[in-house]
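Open the model in your viewer and keep the sequence panel beside it. The stops below go from selection to selection.

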Amino acid sequence: MVARVMVTFQVVREPLIGPFAFKAHEINELWQVIVGLPDGAGGIDWGLGAQSPVWGDPMVVDLAGIDGANMMMAAITGHAARVAADLPEDLDPVEVQARLMPEVLLLAREMTNESIAESFVMNALVPIDQAMWQRWARRHEIRDFADLIPPSVRPYLPVDPANAPPAAEIPLVSPTTGAEEIGELLARGLPLLKIRIGADPNRDKDPSAMLDFDANRVIEVAAMVDRAEQAGATGVRLYLDANGRYPDKATLLTLLDRIDDAGALHRIALVEEPLPVANDEHLGDLPVPIGADESAFDTASVERRAATGYSVIAVKPSAKTLTRSFAMIEAAGRAGMNCLVADLTAPPLLVAWNREVASRLTPLPGLERATFESNGPQNYLHWADLSARLPQQQPGEPAPNLIDLAGHYLPGYGE
């Protein structure tokens, strides 16, 4: 019998600059969950997760409230960490996740007394998964992220970051982002802006009000991009994220028609997760690419979305785990789909891992370089302090190794 070992488990509640409106909920803080797993040689493998129960499953938030849902997700992480600590140390991260998933899914369903979205559980497993990949890297003396990538996935992460332009960050334009801030984002020369649509301006879940607000907002931002291009900016596109708020294809098509009538449809690079997860209407005949996020959480769901005309999959190492992201990248590549690294308001440590994946992906159609979502600087109150926890590259020295970053960032965090 394997003796139970002690794990490090801590929650830090990071305040946001202001309320963050998301899926008809308001978020004022993001729980950061720290896990430390003993490595059997006197060291600790560290992992960090940024919880987003509203993204994972709004039903849980409706049931228990924001704090209650955060506590449920943290409890799942803690339980999974204890189970993982007792597993044989020679298991690879894929095997660890395969052993954890049935048990933690059962726990999650017992907590809610009903079905729960798998994305909620995946979000809870991020810290354990990150710790396991660091353990795997140390055991096999891997220092380069490229050598962590499973051989079957490498053909679908074909770009060598050393020979390509740096991956560009995708900032968020929320319903409350002002013209001045949008202007500052455009001045940075970024190729893609993410606009959150699916607004609830009257807080009554009226789809007509949502449609009016969204159309006006997209047209407004597109006009700002037009003016920026007249002043010298080039090639700026828009990425719309509906978070499943559009009830059906007909409503989505009405939005696109209104954007087209305003002469702005050419700006749209992608519409992500427009319909509810259970809606399988075929969207392959729409005039813009359609992407999947919440509805794509494993290889089977990637294949399902390919069959319904989606052409882009949002992979989220910071929300769906690196293990699951690798599997989804391979499935998407086999189906001829593109991938995009999305964010979930990741803190600096998780942004570093996201960047490693994004910089190896083929750019989205119409873009000249890889992109990845990163809206943490716009939302975390203490972003500068969090960033300072990462080791800084010194002149004339190589960049700090990704595998070592958690060991710098996490010990002492929150004390």
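Two strands count as paired if DSSP finds at least two bridges between them. Helices (H or I, at least four residues) and strands (E, at least two) are DSSP runs, numbered from the N terminus. This is a predicted model, in which local features need pLDDT of at least 70 and side-chain atom pairs count only at pLDDT 80 or more, while totals for chains, interfaces and linings use all residues. Residues are numbered from 1 along each chain as its sequence is written, and side-chain values use heavy atoms, with hydrogens and water left out.

**Stop 1: the open sheet**

Select residues 25-38, which are strand 2, and add strand 1; eleven bridges join the two, and they run antiparallel. Two partners to label are threonine 8 and glycine 36, the latter in strand 2. Further along, phenylalanine 20 stands opposite isoleucine 27 of strand 2. The two strands form a hairpin with two residues between them, and lysine 23 in that turn has a positive phi of about 50 degrees.

Now add strand 3. Strand 2 pairs with strand 3 over seven bridges, again in the antiparallel sense, and glutamine 32 has alanine 50 in strand 3 as its bridge partner. This hairpin has five residues between its strands, with glycine 40 in the turn at a positive phi of about 85 degrees.

Together the three strands form an open sheet in the order 1-2-3, with antiparallel pairing. Strand 1 (8-22) and strand 3 (44-50) are the edge strands, each pairing on one side only. Strand 2 is largely enclosed by the rest of the structure, because ten of its 14 residues are buried (buried: under 20% relative accessible area, with a 1.4 Å probe and protein chains only).

**Stop 2: two helices**

Which helices come within 9 Å of each other, axis to axis? Select helix 2 and helix 4 (residues 118-139): their axes come within 9 Å and cross at roughly 30 degrees. Axes here are lines fitted to C-alpha atoms, for helices over the stretch in contact, and angles run from 0 to 180 degrees between N-to-C directions. The contact (heavy atoms within 4.5 Å) is made by residues including Met72, Met73 and Ile76 of helix 2 and Phe120, Ile128 and Met132 of helix 4.

**Stop 3: the parallel strands**

Move to residues 192-196, strand 6, where five of five residues are buried. In a regular strand the side chains alternate between the two faces of the sheet. Here Leu192, Lys194 and Arg196 point one way from strand 6, and Leu193 and Ile195 point the other way.

Add strand 5 (residues 172-173), which is joined to strand 6 by two bridges and runs parallel to it. The bridge partner of valine 173 is isoleucine 195 in strand 6. Then add strand 7 (residues 237-241): five bridges join strand 6 to strand 7, also in parallel. Arginine 196 has aspartate 241 in strand 7 as its bridge partner.

**Stop 4: leucine 255**

Finish by selecting leucine 255, in helix 7 (residues 249-261). Is this side chain's residue buried or exposed? Leucine 255 is buried, with a relative accessible area of 1%. Leaving aside neighbours within four places in sequence, leucine 255 is in contact with Ile197, Leu211, Asp214, Ala215 and Tyr246. For a distance to draw, take the C-alpha atoms of leucine 255 and serine 318: they are 63 residues apart along the chain and separated by 30 Å.

Definitions and conventions:
Buried means under 20% relative accessible area, exposed over 50%, partly exposed in between (1.4 Å probe, protein chains only).
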